[in-house]
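This report describes selected packing features of one protein chain. The sequence and the model are shown below.

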Amino acid sequence: MIGFAIDMDGTVYHGERPIPGAREFIAGLRERGIPFRFVTNNSSHNRQFYADRLDRMGFGVTPDEVLTSTVATVRFIKDNRGGRSVYAMATPDVKAEIAESGIRMASEGRPDIVLLTFDTTIDYGKINRGYHYLLQGSEFIATHPDDVCPTEDSYDIDIGPFIRMFESMTGREATVVGKPNRLMLEMAAAEMGIGPEDVVMVGDRLSTDIRMAADAGTRSILVLSGETDLELLRRSDIRPTFVTGSVADILTEFVDSRKLF
């Protein structure tokens, strides 16, 4: 059996607008009994937020069908840093999601871990608190490496520049969990009940979506509905297995034609 790990921004929607044919693609996967997970590096909101956004656009998904880099990072910490305290630079709903997972949130004193998410409420107070904790020896973990985050008509600064700032100022290298780290793909595979080798990654970014699939040794479909165009693909050394215009083409081109089986 195959399963699909599907990026969101630029792959199934732009802002609050679904990409034409994206809803039909998801409905078609359900009709064929093919499992899927939406996989996003965007850690500015909790998974309920993204499920609600997709639901408003007519995709009809549940929170369990969404895997954010925050959720992946929480699992990484629980599996590999069990019991350690965390200072999270995060929006209120993401901070609550982290706390509700059972991770021990630092209340006073130096935490074991400084966790950087895409905190759209970040300020100098948070930045300096994290900075001093890192200088004092806290481990540095970040949810994902993206420099920019797509919006409906442009891009916003993401956390990549903040990662580099903290690293250069403190000398502490970040452990980054989200795409292109293959951990995200492996977690999506486990949720779908299949092996990582059976996951087909669908996304619009070469540096995260397609690179993750390549590093994991599995197949990928690059869609040209978002960040990457044919010229960018031509100049890149990251190669997808397949290329198509949008997710609207996947069922006919790759599923019903049996190219993926």
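Helix α3 (residues 69–80) packs against helix α4 (residues 92–100) at an angle of about 30°, and their axes are 10 Å apart. Here axes are lines fitted to C-alpha atoms, for helices over the stretch in contact, and angles run from 0 to 180 degrees between N-to-C directions. α3 is therefore roughly parallel to α4, a term for angles under 35 degrees, with over 145 counted as roughly antiparallel, 65 to 115 as roughly perpendicular and the rest as oblique. The contact (heavy atoms within 4.5 Å) is formed by Thr70, Val71 and Val74 of α3 together with Val94, Glu97 and Ile98 of α4. By class, the contact of α3 with α4 comprises 4 nonpolar, 1 polar and 1 charged residues; Ala, Val, Leu, Ile, Met, Phe, Trp, Tyr, Cys and Pro count as nonpolar, Asp, Glu, Lys and Arg as charged, and the others, Gly among them, as polar.

The model is predicted: local features need pLDDT of at least 70 and side-chain atom pairs pLDDT 80 or more, while totals for chains, interfaces and linings use all residues. Residues are numbered from 1 along each chain as its sequence is written, and side-chain values use heavy atoms, without hydrogens and water. Helices (H or I, at least four residues) and strands (E, at least two) are DSSP runs, numbered from the N terminus.

An open sheet of 5 strands follows the order β7-β6-β8-β9-β12 with parallel pairing, where two strands pair if DSSP finds at least two bridges between them. Its edge strands are β7 (104–105) and β12 (175–176), each of which pairs on one side only. Strands β8 (residues 113–116) and β9 (residues 139–142) pair in the parallel sense over 4 bridges, and Val114 stands opposite Phe140 in β9. Two helices lie on this sheet, as tabulated.

| Helix | Strands contacted | Angle to β9 |
|---|---|---|
| α3 | β6, β8, β9, β12 | about 145° |
| α6 (residues 160–170) | β6, β8, β9, β12 | about 170° |

In helix α8 (residues 206–216), the buried residues are Leu206, Thr208, Asp209, Ile210, Met212, Ala213 and Ala216. Buried means under 20% relative accessible area, exposed over 50%, and partly exposed in between (1.4 Å probe, protein chains only). Their cover includes α7 (182–192), β13 (199–203), β14 (219–223) and α9 (230–235). Gly217, just after α8, adopts a positive phi of about 75°.

Phe254 belongs to helix α10 (residues 250–255) and counts as buried because its relative accessibility is 2%. Beyond its neighbours within four places in sequence, Phe254 contacts Ile221, Phe242, Val243, Thr244, Lys259 and Leu260.
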